[in-house]
Amino acid sequence: LAVDAPQGTSPGSLGASVFTPVTPARLVDSRNGVGVSGRVGAGRQVVVQVASSAGVPADATAAVVNIAAVDPSAAGYVTVYPCSDGVPNTSTLNFVAGQTVANSTIAALSGAGQLCVWTYVETDILVDVTGWLGPRGSSRLTPIGPTRVVDTRSGIAGTRLRAGVIMEVDFSSDVPAGSSAVALNVTAVGAAGAGFLTAFPCGARPNTSTVNFVGGEARPNNTIVGLVSGKVCIYSDIATDVLVDLVGSFGAAGLAYQPTAPVRVLDTRTSGMLAAGGNAAYGVGAASLGGQVPGAASVNVTADNHRVPGYVTTYDCVTRRETSTVNQRVGQAVANGAIVPLAGLRSCAWT
């Protein structure tokens, strides 16, 4: 199990950034020459101009993006970072050859409003943006749960999603009045074939994706989605069960966002593998926080070398709920981002 604190923490500082959702938009699609010409070679990177694009203002300091690798040539990983001098020793997305897999992250931007997407092996790259953070943002984070609000396997808030159908999920009773967006973990389970889910503010469906999956697997992805009349819509291009865990809401009150440099804060490959039912605590302190005490953190969690299918749950080291952050697949390193609650400067991962 590896946990990277890749993009930031959320102290209540008035000087930190706050969030604004945008209509999801595709910034990069190497298959079609959008944002980059052709597949991205091994050890190469795509420079993505986020600020001043797709409704993101020039002074944005971070963005909520969904990164997908499509048909990579071999097993590998992608790292997203703010175009600094060197690629950090962290990963955002892990994959095997031929797979299409996505992961959302809160990505800090460079001073020029750019982020870099570096890949270990040749692959096509997609980049979608769903929101931005900056000093003029409109919404602050209130951590929630995590709480499972949809499980179509057991009829919670809906039934198995049919191909081409849009599900409306009403969060009105789950989030504070006036909330503008929600932080979610969305999982496709037992799909009838390869396909994708799109979570979006109800209205016109954008040409973006949130979760990419193959038939029969359990594949999660975290996302932040704007609300329309308290609702989020979820579309699938193929029949699948859907799980939705609520991890936070965004509104007038709550936590602001403080970007930090990407850093690995837990790696059990060196500290010792977790046994089934095991628990690992990790700290997220960063020099850039100064004396501020964060209430939540944006992390990336990767499960590796597991012997049987299972899942990882992140929580505040106090109360573990029946939710999932990462769903493990034997033979694959599987990653997913998460906004995790903290107890002091610590959080926990259970498998």
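Is Tyr77 buried, partly exposed or exposed? Keep that one in mind; Exercise 2 settles it.

Before you start: this is a predicted model, where local features need pLDDT of at least 70, side-chain atom pairs count only at pLDDT 80 or more, and totals for chains, interfaces and linings use all residues. Residues are numbered from 1 along each chain as its sequence is written, and side-chain values use heavy atoms, with hydrogens and water left out.

**Exercise 1. Work out how the three disulfides are wired.**

Step 1: the cut-off. A disulfide is a pair of cysteine sulfur atoms within 2.5 Å. The structure has 3 of them.

Step 2: the pair Cys83 and Cys116. Their S to S distance is 2.1 Å. The torsion about the S-S bond is about 105 degrees, so this disulfide is right-handed. Cys83 sits in the loop between strand 5 and strand 6 (93-95), while Cys116 is in strand 8, so the bond ties together parts 33 residues apart in sequence. Strands (E, at least two residues) are DSSP runs, numbered from the N terminus.

Step 3: check the cover. Buried means under 20% relative accessible area, exposed over 50%, and partly exposed in between (1.4 Å probe, protein chains only). Cys116 comes out at 1%, so call it buried. Cys83 has 24%, so it counts as partly exposed.

Step 4: the pair Cys202 and Cys233. Here the sulfur atoms are 2.1 Å apart, and with 105 degrees about the S-S bond the link is right-handed. This one connects distant parts of the chain: Cys202 in the loop between strand 13 and strand 14, and Cys233 in strand 16, 31 residues apart. Both Cys202 and Cys233 are buried.

Step 5: the pair Cys317 and Cys348. The S to S distance is 2.1 Å, and the torsion of about 105 degrees makes the disulfide right-handed. Cys317 is in the loop between strand 22 (310-315) and strand 23 (326-328), and Cys348 is in strand 25 (residues 346-350), so parts 31 residues apart in sequence get tied together. Cys317 is partly exposed at 30%, whereas Cys348 is buried at 3%.

Step 6: write the pattern. Number the bonded cysteines in sequence order and you get 1-2, 3-4, 5-6.

**Exercise 2. Sort two of the aromatic pairs by geometry, then say where their rings sit.**

Step 1: the rule. Rings of Phe, Tyr and Trp (its six-membered ring) pair if their centres lie within 6.5 Å; planes under 30 degrees apart count as stacked, over 60 as edge-to-face and the rest as tilted. That gives 5 aromatic pairs.

Step 2: Phe19 with Phe250. The centres are 4.7 Å apart and the planes 45 degrees, so by the rule the pair is tilted. Phe19 belongs to strand 2 (residues 18-29) and Phe250 to strand 17 (residues 241-251), 231 residues apart. Phe19 is buried, at 1% relative accessible area, and Phe250 is buried too, at 5%.

Step 3: Tyr77 with Tyr120. This pair is stacked, at 5.3 Å centre to centre and 15 degrees between the planes. Tyr77 is in strand 5 (residues 76-81) and Tyr120 in the loop between strand 8 (114-119) and strand 9 (124-134), 43 residues apart.

Step 4: back to the opening question. Tyr77 has 28% relative accessibility, so it counts as partly exposed. Tyr120 is also partly exposed, at 45%.

Step 5: widen the view. Ring pairs link Tyr77, Trp118 and Tyr120 into a cluster.

**Exercise 3. Describe the surroundings of strand 13.**

Step 1: cover. Strand 13 (residues 195-201) is mostly covered, with 5 of its 7 residues buried.

Step 2: neighbours. Two strands pair if DSSP finds at least two bridges between them. Strand 13 runs antiparallel to strand 14 (residues 211-213), joined by 3 bridges. Strand 13 is also antiparallel to strand 16 (residues 231-236), with 5 bridges.

Step 3: partners. Gly195 has Phe213 of strand 14 as its bridge partner, and Pro201 stands opposite Val232 in strand 16.

**Exercise 4. Find two arginines that lie over rings.**

Step 1: the test. A charge sits over a ring if NZ of Lys or CZ of Arg is within 6 Å of the ring centre and within 35 degrees of the ring normal.

Step 2: the hits. Arg205 lies over the face of Tyr235, 3.8 Å from the ring centre. Arg320 lies over the face of Trp350, at 3.9 Å.

Note on methods:
Helices (H or I, at least four residues) and strands (E, at least two) are DSSP runs, numbered from the N terminus.
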